[in-house]
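Got your viewer open and ready to click? Let's take a short walk together, one selection at a time.

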Amino acid sequence: MALAVMLLKGASFHSGCCRHRVLLSLFGPLLSNSKLYSSYRRPGAEPEKKLSWQDVDFSFKKVFDHLKTQLSLLKKETQDYLRGPGGRPVSQRLLEQTKVLWQFRSQEDLNQWVISSDVEIGGKSKVYMTLGRNNQTALLYGTLNTEVPRDGETKYSGYCSMRCRPAVGSFNRKKYYDWSNFNTLYLRVRGDGRTWMVNIYTDPYFSHQKDDLYSYFMFTRGGPYWEDIKIPFSKFFFSSRGRVQDNQHPVWLDKASFLTLGFTIGDKIDGPFQLEIDFIGLLNDRAHKEEFAYELYDKNTPV
């Protein structure tokens, strides 16, 4: 028990290394309700006389259960890798024209997504997500409020969004989406006539790239009828921290660097909104030949 705590403490001092992630993935769920690191202590207060490792609730049963689960996931991932890309034969992958990424048929499907709004910065917008009629769709609804919080710092407000959770493999490893076989994002939605923004979040190499994303508009027509929306990846433009960048480049589909996909509404129109989603998938449109829709230029052109 004391050895596990020493390992976790020692790993915390080497934040640049990935060893602490492995240790936390193994021992993290087992050490809940415990203090492994020194907490904040007010000046003048006496330090705690009780050692931190004495509060650890260590259970060997949790160790073996968690390890067994992670090893079974690793076994399945290894079998899928040996079978072929995405767990399918290579011939099947090469001939694949469409692929459904997400569909909403149960509460487990909804749990793969996270909703958020400007409440996080003090705003008053509200957003909810539930299963639609007959549990066959996802219904995202709420109220948009552009009133700016009176905190003296925030200048803009009024947004709501939904975003899929990052895929996680065995031992809490990151998993990436490989969309190199497709060139179009394919959705079947039913909206209320408002405009949404489709966002693709990537895994940054450096910390200053954490706000980089690729975006494009999704226009809904409203009414009782479903709408099939096809957005080529060549239309997505690059932005960072809400600002469109001068140096544009296409989405790197072959880098397998996708982490999450999201939808955001922020059209500066107060009032209720609603978006119903049947499925989200990919399409290989042979008729689409465009590589990139925006101008590419060298900012440092030699004279």
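One term before we start: buried means under 20% relative accessible area, exposed means over 50%, and partly exposed is in between (1.4 Å probe, protein chains only). You're looking at a predicted model, where local features need pLDDT of at least 70, side-chain atom pairs count only at pLDDT 80 or more, and totals for chains, interfaces and linings use all residues. Residues are numbered from 1 along each chain as its sequence is written, and side-chain values use heavy atoms, with hydrogens and water left out.

**Stop one: a helix**

Select residues 60–83, which make up helix H3. Helices (H or I, at least four residues) and strands (E, at least two) are DSSP runs, numbered from the N terminus. The expected span of a helix is 1.5 Å times one less than its number of residues. For the 24 residues of H3 that gives 34 Å, and the end C-alpha atoms are 35 Å apart, which agrees. Now colour Val63, His66 and Gln70: these are the buried residues of H3. Just after the helix, click Gly84, with its positive phi of about 155°.

Stay on H3 and show the side chains of Lys76 and Asp80, which form a salt bridge (a side-chain nitrogen of Lys or Arg within 4 Å of a carboxyl oxygen of Asp or Glu). Their closest N and O atoms are 3.1 Å apart. The two sit four residues apart, about one turn of the helix. Asp80 is partly exposed, at 22% relative accessibility.

**Stop two: two unusual loops**

Most residues other than glycine have a negative phi. Select Asn134, which has a positive phi of about 60°. You'll find Asn134 in the loop between strands E3 (126–131) and E4 (138–144), and at 64% relative accessibility it counts as exposed. Next, try Asn172, where phi is also positive, near 60°. Asn172 is in the loop between strands E5 (160–164) and E6 (184–191).

**Stop three: pairs across the chain**

How many salt bridges does the structure hold? There are eleven. Pick Arg188 and Asp278, whose closest N and O atoms are 2.9 Å apart. Arg188 lies in strand E6 and Asp278 in strand E13 (residues 271–283), so this pair ties together parts that are 90 residues apart in sequence. Arg188 is partly exposed at 27%, while Asp278 is buried at 11%.

Finish with Arg241 and Asp211, another salt bridge, at 3.1 Å between the closest N and O atoms. Both are in loops, 30 residues apart.
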